[in-house]
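Hi,

Here is the structure I said I would pass on. Have a look first, and my notes follow below.

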Amino acid sequence: ASPLSLVGFVVGHAGLYQALAMFAVAYFIIGMTVLSVCAIATNGALDAGGAYYMISRALGPEFGGSIGIMFFLANVCGSALYVLGLVEAVVDSFGIPPGQKVGTGVHVLPQSYWYELLYGTVLLALCLLVCLVGASIYAKATFLIFLIVAGVLGTILVSFFATRPVGVPIRLPHLNGSEVENGSFTGFSLATLRDNLGGGYGVDYTTGQMMSFSSVFAVMFNGCTGIMAGSNMSGDLKRPSYSIPRGTISAVLFTYLVYNLLAFLMCATCDRTLLQKDYGFLRDISIFPPLVTVGIYAATLSAAMSNLIGASRILYALARDDLFGRALALAKKTSASGNPVMAVILSWLVVQLVLFSGKLNTIAGVVTTFFLLVYATVNLACLALEWASAPNFRPTFRYFTWHTCLLGIAGCCVMMFLISPVSASASLGFLLLLLLALHYLSPSSTWGYISQALIFHQVRKYLLMLDVRKDHVKFWRPQMLLMVQNPRGSARLIDFVNDLKKSGLYVLGHVELQDLDTLPSDPLQPQQDSWLSLVDKLNVKAFVSLTLAPSVRHGVRQLLFTSGLGGMRPNTLVLGFYDDAAPQDGLARHPAFTSAREEVPLGFPPLRAPTAPKLMLRNVLLARQLESLDKAWELRRAASPPPTIHVWPVNLLRPDSARYADTCSLFLLQMACVLNMARAWRRARLRLFLCVEAGAMPHAQEEKLRQLLKDLRIQAQIQLVPWDAVTRLHWQTRQGPPGGPAP
């Protein structure tokens, strides 16, 4: 019924050795997952949705949405599991024995499938009321329950030492009321410990099936799934990146120690009959039985509420992201205080439907499979971020590597199939269907796709491995550079050259006959999207390379020298034949646009029409005296002091402004941070020079800059620099010498 009595169930069937092995395996998986959760939680802002938010923002909407649904179902089934466990405990304590029509003493509750469903509905309604009020009352209720459970745990530990040996009659709930077995609390006994060291699996009284290592592990693992309770409440926490790592790691360490301690104490003091067939034996051996009863009920009720409120937060986050369109539109509605009441009600309805199953251990296997799948995906998200080497992945939690992520994924997958190959296969099939549905039906998102970062990382690696010195005529292939003046008149030519390339490089080149020095902006940047859209519509495997030049000859020469990368460079130039025939707009008649009734991409002018200039959108880095930098010597110096990277957040076009939050300064910060993340420069320290003018409250600016660096997860030393002289010199230069014209 609760994690406390769950230990007795595990030890009674599996024995001490296998129980400790189960805890070790479970907490190994959980520990690896916790490291990944902490890494993602400390990498910038974290919004509502917990694991769903982490996965969706890392792996994209398809993975995020599908795992979000799986995690929602896991929490829903988990809530139903704990409600059914609580009903079982209540009926065991207060139910009328089977075969009797009238109860005696405290045994006054009728027992049947429908009565137990009624009890579960009432208890679930109590959880619903707490969750509808909001996260604040839930936090207060769980804190009160925590105090009760802590008191119960202390009482139980004392009872193992204070209670004398005693026989405990066990009334089996689903057999004849006259059938009673006797268990024994022997006190600390070496003989009892020896008897409980090995496994002794019995029949599950709810399903009638023989228990095994995998089925017991499935039930046990549900007592360990609370690690996501904190991250599920990420939208309600004031400082989730601070609270989630500390709270989660503390909870994992504490519960692991408590479970192992209880397992040893139970094996040394209780016989196997008592452990297997009396889940309320802790009450029977306690020095204060009513407190144990209240504690078990409170712990189970808290777990049910935790899963219910976690499911509602995940459903609300899914609805808010519009991944499923109108299907979840109702779940977006919130109360005046921001509590997603409709998501809570919808989650409650689904839990109520699960209660009709009535089989506690059957639900346990499904819940465990779902949770293991979610944990594996959390590890996958962290692994992808680590392998992609994205500059913006800078978690302040450092105690993880790609090895821990990989071990977490492997552990989850192995245990998932050991518990139930059928459930694991069905879950993966359902996940695949959700992935495909979201891929084709969900709207595009602006979260960024980790797949693009991984592709970039791998392509760069393999391009470096492509050695032009190892080229051989046997493996030559055409690598085309097709010069296109206007794709409106070259659609068929683009198609034809695509057939000629034979899996080689294919580049669409275009020369814009203008001089950049006479233009206020770069006219090519806005055209890039139109050319890329054209490549998609024509379904050709080509890159696009655009350039500015005073003549076509110069432009073609530029593209021949600059197109491609590494060992992938054009070796064949394709030009259209120029004659006096009037060009025809073949793009409008191309099947890619006529059959699908789609418009020609905007951005291409009419044939032989002039274009308007646009702004230049490029970053510019100026390098000076790099030849005098002996990097090997700098990095081989003694550890004290380490090399220093100096960052001057100054806009060179307006040095008088000296603001650290403009585009130029943030770009300099990003580049310095990227350099610091390189393996050779990891020992270096960043030093940021804050340029301040007199009367500008330097200490206030320094505090703001420290907060910005903290938000950006950049560690740097700040040094104030007076900037009045530079400002005066800048304005004197702009105004020119006295009596003369301004420059």
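Let me start with one residue. Leaving aside its neighbours within four places in sequence, Tyr-256 is in contact with Phe-23, Ala-24 and Tyr-27. You'll find Tyr-256 in helix α9, which covers residues 240–269. Its relative accessibility is 29%, so Tyr-256 counts as partly exposed. There is also a C-alpha distance to look at: Tyr-256 and Cys-224 sit 32 residues apart along the chain, and their C-alpha atoms are separated by 8.9 Å.

Before going on, please keep in mind that this is a predicted model.

Now the overall picture. The protein chain has 25 helices and 9 strands. Of its 743 residues, 47% are buried. If you take the contacts with a separation of 6 or more, 77% of them join residues 24 or more positions apart. The chain exposes about 38500 Å², and carbon and sulfur atoms supply 63% of that area.

On to the sheets. One is an open sheet of 4 strands in the order β5-β4-β3-β6, and the pairing is parallel. Which strands stand at its edges? They are β5 and β6 (572–574); each has a single partner strand, so one side of each is left without a neighbour in the sheet. On average, neighbouring strands here are turned by 25° against each other, direction ignored.

Within that sheet, strand β3 (residues 480–483) pairs with β4 in the parallel sense over 4 bridges. Two of the partnerships, if you want to click on them: Met-480 has Tyr-506 as its bridge partner in β4, and Leu-481 has Val-507. Strand β4 itself (residues 506–513) is mostly covered, with 7 of its 8 residues buried. Helix α20 (residues 552–562) lies across β3, β4, β5 and β6, and runs at about 135° to β5.

The other sheet I looked at is an open one of 3 strands, ordered β7-β8-β9, with parallel pairing. Its edge strands are β7 (644–647) and β9 (716–722), each of which pairs on one side only. The twist from one strand to the next averages 25°. β7 and strand β8 (residues 685–692) pair in the parallel sense over 4 bridges, and Thr-644 has Arg-685 as its bridge partner in β8. Two helices pack on this sheet. Helix α23 (residues 663–677) touches β7 and β8, and its direction makes about 170° with that of β7. Helix α24 (residues 698–711) touches β8 and β9, with its direction at about 145° to that of β8.

Next, a helix that makes a nice worked example. How far apart should the ends of α19 (residues 525–538) be? At 1.5 Å a residue, its 14 residues should span 20 Å; the end C-alpha atoms are 21 Å apart, which agrees. The buried residues of α19 are Gln-527, Ser-530, Trp-531, Leu-534, Val-535 and Leu-538. They cover an arc of only 145° around the axis, which puts them on the same side of α19. The face turned away from that buried side carries the exposed residues Asp-529 and Asp-536.

What comes after α19? The helix is followed by Asn-539, and the phi of this residue is positive, near 60°. That is a positive value in a residue other than glycine. Asn-539 is found in the loop between α19 and β5 (543–549). Is Asn-539 buried or exposed? At 67% relative accessibility, Asn-539 counts as exposed, because the cut-off for that class is over 50%.

A second backbone case is Asp-322. Its phi is near 60° too, again positive in a residue other than glycine. Asp-322 belongs to the loop between α12 (289–320) and α13 (341–355). With a relative accessible area of 32%, Asp-322 is partly exposed.

That's what I have for now. Shout if anything is unclear.

Cheers

Technical notes:
Residues numbered from 1 in each chain as written. Predicted model: local features only at pLDDT ≥ 70, side-chain atom pairs only at ≥ 80, totals over all residues. Heavy atoms only, no water. Expected span 1.5 Å × (residues − 1). Buried < 20%, exposed > 50% of the residue type's maximum accessible area, 1.4 Å probe, protein only. Arc of directions from axis to C-beta. Contact = heavy atoms within 4.5 Å. Areas by Shrake-Rupley, 256 points an atom, 1.4 Å probe, with all protein chains shown as cover. Pairing = 2+ DSSP bridges. Axes fitted to C-alpha atoms, helices over the stretch in contact; angles between N-to-C directions.
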